[in-house]
Amino acid sequence: MYHPRMKTEDDFRITLDRDAPLPLAGQIHRAIGLAVREGRLAPGARLPSWRDLAAQLGVARGTVRAAYERLIDEQLIVAAGAAGTFVSRHGVPVAPPPITADTTPLRDLIHQFATVPMVFQMGVPAQDVFPAALWSRLMAKAARETASGPVGYPDPRGDPRLREQIAAYLALARGVACTPAQVLVTAGYAGALNLVIRALRLEGRLAWMEDPGFPLTRKALELAGMQLAHVPVDAQGLDVETAMRLAPDAALAVVTPGQQAPLGVALAPARRSALLQWATRQDAWIVEDDYLSELQLKGRAAPALAALDSGGRVLHIGTFSKTVSPALRLGFIVVPAAYASHFAEVAACLSPASAAAPQAALAEFMRQGHYLRHLRRMKRVYASRRDALTACLSTSPMDSIATMAGLAVRLTLPAGKDDVLIAQRALEYGLAPGPLSAWHVDTPPQPGLMLAVSNVSERTLAADCQRLLRLIDEAG
Ligand SMILES: Cc1ncc(COP(=O)(O)O)c(C=O)c1O
């Protein structure tokens, strides 16, 4: 093996191994190709003529020529006749990112995908309340129908029967008057948010984001290159006045007006009107993330913000992730009537509704009244689990304050406690409280833990609470 120097602008050398199974032309091709892709040979850099390089490397001219020809075919280098051979200035393919051992997405936010929900875990419905037998029956029937149905493309906006059911449900439960033509079925809330960003060309624009707010929304907007104005939330929800001061000319506001995520407060009526007026004045858009729909444990859920929207500025997004199962990956968006065909086109080209069978099964689930019954049952079960949890916490000696927040109990911890660390330690015991700081951009006034009530077991609750309180106590 020897290391002749290849004269280029860069410090770059080709190492040939005459005993290697890869022929010499292949080794030269690989070495130069890699150097171009990794940027060690800069765009426009001059390469030695194949005659010179052959002499330098001590190989036949035809060997280098074969390597160069392959690189020219791959458009990595360009032959400019008598002027010489150069590294391409355009379109050098980017090197693939290095493969790391763990490529799980969002590792900082989600500890594990596709596992049975843990005690206190946020954002997942109760494992034991899911109507598995009924759902299997409906899915089997839908699968049979789909298998014997047309092989053509389905409506990219989603199954018309499901869109009809969603429109009817929204009128009844959320006060939203819309036609099925305004409803598009999406891959959950995330799929709908993507559709909004693409359809309204919001990439790079400015958005209001609740602080604290749903970390995945924040990440999604950042991935779309959007600038974020982090707007504080108080006991009346998003502080609209502060938002108007911080970023009056934003193009978008993403809000959770029903039950603010994670604090659980409803957006106050005066703030709702102020928000709608601002959007109408500014021609801005409001994404209403109605992730819990009517799944509210205290009183009756207020109508959706979209119900008040006479100016057509609200994009109402719903999801079946909390009310049925996140495994369905089904949600929907309701768009103003004037934008229905535009959104339909964008959905058709960029994110059509997903597989037919689960949509058909869900439409039947709703049509037969199971959805409303299931929601009622979840409310009953969750309310009872909430009572058990608050009772358990109230009998424990602790200096943390427990308050209800949506479908969770929020434990406000004494200042100085590291909620992220406590949450990490708790995982070892099968407990998954959510650290409040993960929802904040500006440091929270006080650290806290969110304890979702959906997957607590009344049988093990006392022991689980004791364990968690001990971990809080021990934490610095
Ligand atoms: C605030 C908020 N919005 C939306 C969602 C649901 O998103 P998806 O429908 O993509 O599952 C969640 C789930 O945790 C959430 O907490």
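**Exercise 1. List the residues around the ligand in this predicted model, and sort them by class.**

*Solution.* Start with the cut-off: a residue is near a molecule if one of its heavy atoms lies within 4 Å of it. The residues around the ligand are then Gly188, Tyr189, Ala190, Phe214, Ala261, Asp289, Tyr291, Thr319, Ser321, Lys322 and Arg329.

Next, sort them. Ala, Val, Leu, Ile, Met, Phe, Trp, Tyr, Cys and Pro count as nonpolar, Asp, Glu, Lys and Arg as charged, and the others, Gly among them, as polar. That gives five nonpolar, three polar and three charged residues.

Finally, look at helix α6 (residues 188-199), which gives the most to this shell, with three residues. Helices here are DSSP runs (H or I, at least four residues), and strands are E runs of at least two, numbered from the N terminus.

A word on the model: residues are numbered from 1 along each chain as its sequence is written, and side-chain values use heavy atoms, with hydrogens and water left out. Because the model is predicted, local features need pLDDT of at least 70 and side-chain atom pairs count only at pLDDT 80 or more, while totals for chains, interfaces and linings use all residues.

**Exercise 2. Find polar contacts of the ligand, and say how much of the ligand the protein buries.**

*Solution.* A polar contact is a pair of N or O atoms within 3.5 Å; within protein, one must be able to donate a hydrogen and the other to accept it, and residues adjacent in sequence count only if both atoms are side-chain atoms.

- Aspartate 289 places a polar side-chain atom 2.6 Å from a ligand nitrogen.
- Alanine 190 has a polar backbone atom 3.1 Å from a ligand oxygen.
- Threonine 319 has a side-chain N or O atom 2.6 Å from an oxygen of the ligand.

Now the area: the ligand taken alone exposes 400 Å², of which the protein buries 89%. Such areas come from the Shrake-Rupley method with a 1.4 Å probe; for residues, only the protein chains shown count as cover.

**Exercise 3. Trace the eight-stranded sheet and find its edges.**

*Solution.* Two strands pair if DSSP finds at least two bridges between them. Following the pairs gives an open sheet in the order β4-β11-β10-β9-β8-β5-β6-β7, with mixed pairing. β4 (183-186) and β7 (237-238) each have a single partner strand, so one side of each lacks a neighbour in the sheet.

Zoom in on β4: four bridges join it to β11 (residues 331-334) in the antiparallel sense. Here valine 185 stands opposite phenylalanine 332.
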